[in-house]
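Please read the following walk through one protein model with its sequence and fold at hand. The path goes from sheets to the helices that lie on them, and ends with a pair of helices.

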Amino acid sequence: MRVFAAGFQMETNTFSPWPTGLRGFEEGSLRRGGDALDGEGSDHMTARLWRDLCADDGHAFTPGLFAWAQPSGPIVQSVYEGLRDEILEHLKTKGPFDVALLFLHGAMVSTGCDDCEADLVRRARAIMGDKAVIGVELDPHCHLSQDLVDVADAVILMKHYPHDDNLERGRELYDLCMATALGRVRPTSSLFDCRMVGFYPTTREPMADLVERFKAAEREDGVLSVSFAHGFPWGDTPDTGSRVLVIADDNPSLASEMAERIGREVYDRRDALLPRFPALDLALDQLKGVSGLVVIADTADNAGGGAPGDNTSVLAALLERGIEKAALGAIWDPVAVAVCAEAGVGARLSLRLGGKSGPTSSDPLDVTATVRAVKADHTQTGLGGSTSDLGLSVWLEIGGVDVVVASIRTQVFSPDAFTGLGIDLSGKRVVAVKSSQHFQGGFAPIADTVIQVATRGAIQMDFAALPYLKKRDLNFHPRVADPLA
Ligand SMILES: [Zn+2]
């Protein structure tokens with residue numbers, strides 16, 4: 001068989017003021033053909049997996065474009081269309097293909113389209129025809145639309161948050177698509193709308209238990225796949241929210257019965273699933289009562305959700321309280337980085353740091369900083385062992401806090417975001433990271449206590465108050481207590 005693969009990912013924060021242009025993808029990842037097999041991101045790791053599986057099974061494998069950008073505002077329409085059409089052009093000119101495997105995010109919005117994934121797959125279908133099999137792997141923070149489910153043969157979402165299971169799910173998608181192409185199964189999909197907007201780390205209850213429930217349901221007769229779309233709360237589209245997707249083997253009624261049954265199991269726990277994080281002052285008060293290393297997460301300024309990454313509130317609070325033996329990262333401020341890199345290691349200078357992107361960034365901080373390290377092309381370990389770039393970065397000592405300032409916007413995934421610059425985390429009292437949940441994989445093993453803080457910023461967790469003014473209807477939990485009634 002002839003198998004095509006491509007990736008196109010951008011989780012769009014429609015509340016972000018910044019458009020995403022081509023530079024966003026160039027700074028993220030933009031690789032084509034064989035070059036796409038060499039990258040270090042999770043999309044490239046998945047491409048290599050699919051290549052290897054095809055090689056083992058004797059199928060011809062053709063990689064197309066793999067494009068990824070850090071979340072920010074809607075993609076400029078011409079940029080979206082240019083990248084989309086490049087994938088479609090490969091399908092036309094390098095095909096025909098029997099199977100297309102697409103590694104998408106699922107919350108991509110351009111300035112002219114609310115559901116870019118369905119748009120892409122619909123156009124791919126028009127080129128490939130009804131007999132070809134199109135499989136899509138998605139991040140659970142997606143707007144999972146009926147349009148996409150209808151036009152693809154199989155959609156499988158990662159089950160874990162942190163997303164450490166992209167390869168496992170990629171293998172399942174490959175197996176399901178091949179079995180479909182060989183006529184061994186016939187996927188029939190059903191979607192259940194839970195009418196919830198939420199945030200569901202799978203590292204704690206009750207979500208961890210629900211993930212086991214989804215996996216158990218997949219072992220039932222006739223069931224091919226069970227996925228839970230967490231949804232991406234910070235995108236205002238008609239399909240924003242949490243949904244359950246079940247794929248059964250040639251059995252639409254089994255798919256719809258199970259999707260509703262599992263969807264209602266999630267729904268019944270909706271209040272317990274709401275994140276209840278302490279506010280910043282309360283979290284810092286808690287430091288007094290605990291010993292060892294405390295990792296605090298600035299959940300609302302997570303670049304991975306489209307936030308600027310330059311909010312200064314946590315740093316300001318640490319400095320005001322005189323907390324020492326602390327580290328904080330990574331503040332996105334390319335101007336400050338350039339100034340400090342120019343001043344060089346050992347320089348002590350007055351600096352206006354962060355707080356520049358808008359009201360959600362808080363205020364810039366005027367500090368006296370000592371430059372302790374400068375590193376070009378600083379990186380950290382990303383999801384699943386991938387590499388995440390921070391670009392030209394500096395270690396600044398400000399009061400008792402070692403601060404990482406980076407020139408590429410990214411959340412913090414791993415301790416090497418600090419240690420790679422020379423910051424020793426052993427003996428630290430507090431490490432503050434800009435991340436909502438993905439930091440857990442790297443930091444939970446070294447932390448005695450982890451506190452996710454309900455900070456103020458661009459991706460706040462007060463879902464009832466999210467400004468859905470355009471597309472998403474307002475009948476959802478927690479805005480409404482019982483929206484399915
Ligand atoms: Zn995600």
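**Sheets and helices in a predicted model**

Strand β5, which covers residues 133–138, pairs with β6 in the parallel sense, and four bridges join the two. Within this pairing Val-136 has Val-155 of β6 standing opposite. The model in which these strands are seen is a predicted one.

Both strands belong to an open sheet of six strands, whose order is β2-β3-β1-β4-β5-β6 and whose pairing is mixed. At its edges stand β2 (29–32) and β6 (154–157), each of which pairs on one side only. If direction is ignored, neighbouring strands of this sheet are turned against each other by 15° on average.

Helices lie across this six-stranded sheet, and two of them can be followed strand by strand. Helix α2 lies across β1 (2–9), β2, β3 (60–68), β4 (99–104) and β5, and runs at about 175° to β3. Helix α3, made of residues 77–94, lies across β1, β3 and β4, and its direction is at about 170° to that of β3.

The model also holds an open sheet of three strands, in which the order is β7-β9-β8 and the pairing is antiparallel. Here β7 (187–193) and β8 (223–229) are the edge strands, and because each has a single partner strand, one side of each is left without a neighbour in the sheet. From one strand to the next the twist averages 15°. Strand β9 (residues 243–249) runs antiparallel to β8, to which six bridges join it, and in this pair Val-223 stands opposite Ala-248 of β9.

The last step returns to α2 and turns to its packing with another helix. Two packed helices are described by the angle between their axes and the distance between the axes. For helix α2 (residues 42–57) and helix α6 (residues 166–181), the angle is about 40° and the axes are 10 Å apart. Angles under 35 degrees would count as roughly parallel and those from 65 to 115 as roughly perpendicular, and α2 and α6 are therefore oblique to each other. Their crossing is right-handed.

Which residues in α2 and α6 meet? From α2 come Ser-42, Met-45, Thr-46, Leu-49, Trp-50 and Leu-53, while α6 brings Asn-166, Leu-167, Gly-170, Arg-171 and Tyr-174. Sorted by class, the residues in this contact of α2 with α6 are six nonpolar, four polar and one charged.

Definitions and conventions:
Residues are numbered from 1 along each chain as its sequence is written. This is a predicted model: local features need pLDDT of at least 70, side-chain atom pairs count only at pLDDT 80 or more; totals for chains, interfaces and linings use all residues. Axes are lines fitted to C-alpha atoms, for helices over the stretch in contact, and angles run from 0 to 180 degrees between N-to-C directions. Angles under 35 degrees count as roughly parallel, over 145 as roughly antiparallel, 65 to 115 as roughly perpendicular and the rest as oblique. A crossing is left-handed if the near helix is turned anticlockwise from the far one by less than a right angle, and right-handed if clockwise. Two residues are in contact if their C-beta atoms, placed from the backbone, lie within 7 Å. Ala, Val, Leu, Ile, Met, Phe, Trp, Tyr, Cys and Pro count as nonpolar, Asp, Glu, Lys and Arg as charged, and the others, Gly among them, as polar. Two strands pair if DSSP finds at least two bridges between them.
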